[in-house]
Amino acid sequence: MEVYLYQGGKGIVAKSGIGQAVLHQKKALEKVGVRVVTKPEKKTKIIHINTIFPDSLLACMIAKRKGKKVIWYAHSTMEDFKSSFCGSDLFAPLFKRWICFCYSMGDIIITPTAYSRQLLLRYGLKKTIYHLSNGVDTDFFQRDAACGERFRTKYHIGKEEKVVISVGHMIERKGILDFIALAKQMPEIRFLWFGYTDAKFIPAHVKKAMKHAPRNLMFAGYVNQSELRDAYCGADVFAFLSKEETEGIVVLEALACGIPTILRDIPVYDGWLQDGKQVYKVRSVSDGMKKVQEVFAEDHTLLVKNGRKTAESRSLERIGKRLKAIYQISGIKEGK
């Protein structure tokens, strides 16, 4: 089997979860013997698209005209477009219409979770929709004391200091306002936010909150995967307070690295992440503060062990096998 993994818009999404998902798909498919090409070849019968830019739609239409099969991976929904960038709430209904048009052009649609699949079904999409995790590289993301020490050395964090981290774009949906509020209520703890968003896309009220963030909170900017792994291994808590996700690759990375993880209690985690088993779930900043304090005071060995198992169930090799099976079940294989 051979797949053309479309690279259009790669530069735009490179620092996002979608960009990471594309890398995951390539690795996952290659692990199970699927040849992946990143430039169109005449003999390749399958095109796999992850983005929803105009060039992606054009690539889809050209592929269909040539008789190729199109898989559209639906990472985006109207729900996770809201409360993101300047004007996103205003344009959300138009965004929904656009993504529905794009996704409907695929022969099949894949989306990361059962939750995002239900959203797409409610949109009225008539194509077959599968849900399949973005996966996580569990060989790379795993507990390593040396990585943790490197993180603490870089950011001048003492061995006894407590550290809470989060990862994501600097947008309200990702929970940045609550993360700032949490840092304000816990001045004795170091907080770091990893991620970058161009200032022109950040709403004014978020910029204002960041400007007045407490001194114990650092906006560390975008870091590469190695540095992010160091942070997961060196921090004490991963607090991801996002209000809406289609999955959350950073959650899988954190679980793989064995860091106690606190999540906002939102529907996307239902059915695969249980409160008190693999993660802790909270509904408010005050809940978050209490839970952080509990993590520091109690043993969480079983929690992180269960979290690692969940991450392993979504390893790239397993995702590759399932993705290949979806192609085959759907009749999307060479010669068909």
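Two strands pair if DSSP finds at least two bridges between them. The model toured here is predicted.

**Stop 1: the open sheet**

Select strand 1 (residues 2-5) and strand 2. Three bridges join the two, and they run parallel. Show E2 and R35 as sticks: R35, in strand 2, stands opposite E2. Now add the rest of the sheet. Six strands make up this open sheet, in the order 2-1-3-4-5-6, with parallel pairing. Strand 2 (35-37) and strand 6 are its edge strands, each pairing on one side only. Viewed along the sheet, neighbouring strands are turned by 25° against each other on average, direction ignored.

**Stop 2: strand 4 and its neighbours**

Centre on strand 4 (69-73). Is this strand largely enclosed or not? Four of its five residues are buried, so strand 4 is largely enclosed by the rest of the structure. On one pairing, strand 3 and strand 4 run parallel and are joined by four bridges. Pick I46 there; K69 in strand 4 stands opposite. To get from strand 3 to strand 4 the chain passes through helix 3, in a right-handed β-α-β crossover. Strand 4 also pairs with strand 5, in the parallel sense, over three bridges. In that pairing W72 stands opposite I109 of strand 5.

**Stop 3: helices on the sheet**

Select helix 3 (residues 54-65). This helix lies across strand 3 (46-49) and strand 4, running at about 155° to strand 4. Next select helix 14 (residues 316-329), which packs on the sheet and touches strand 1, strand 3, strand 4, strand 5 (108-111) and strand 6. The direction of helix 14 makes about 160° with that of strand 5.

**Stop 4: N134**

Go to N134, in the loop between strand 6 (129-131) and helix 7 (145-154). Is N134 buried or exposed? Its relative accessibility is 9%, so N134 counts as buried, the cut-off being under 20%. Leaving aside residues up to four places away in sequence, N134 touches A21, H24, Y73, H75, P112, E247, I249 and L316. Then draw a C-alpha to C-alpha distance from N134 to G17: 9.1 Å in space, with their positions 117 residues apart in sequence.

**Stop 5: strand 8**

Move on to strand 8 (residues 190-194). Four of its five residues are buried, so strand 8 is largely enclosed by the rest of the structure. Strand 7 (residues 163-167) pairs with strand 8 in the parallel sense over five bridges. Select I165 to see one such position: its bridge partner in strand 8 is L192. Strand 8 is also joined to strand 9 (residues 217-221) by four bridges, and these two run parallel. Here the bridge partner of F194 is G221, in strand 9. From strand 8 the chain crosses through helix 9 (residues 204-211) to strand 9, and this β-α-β crossover is right-handed.

**Stop 6: helix 8**

Finish with helix 8 (residues 176-185), which forms a right-handed β-α-β unit with strand 7 and strand 8. Which residues of helix 8 are buried? Colour I176, F179, I180, L182 and A183: these are buried. They cover an arc of only 160° around the axis, which puts them on the same side of helix 8. What covers the buried residues of helix 8 includes strand 7, strand 8, helix 9, strand 9, strand 10 (237-240) and helix 12 (285-297).

Note on methods:
Residues are numbered from 1 along each chain as its sequence is written. This is a predicted model: local features need pLDDT of at least 70, side-chain atom pairs count only at pLDDT 80 or more; totals for chains, interfaces and linings use all residues. Side-chain values use heavy atoms; hydrogens and water are left out. Buried means under 20% relative accessible area, exposed over 50%, partly exposed in between (1.4 Å probe, protein chains only). A crossover is right-handed if, with the strands pointing away from the viewer, the path from the first strand over the helix to the second runs clockwise. The arc is that of the directions from the helix axis to the C-beta atoms. Contact means heavy atoms within 4.5 Å. Axes are lines fitted to C-alpha atoms, for helices over the stretch in contact, and angles run from 0 to 180 degrees between N-to-C directions.
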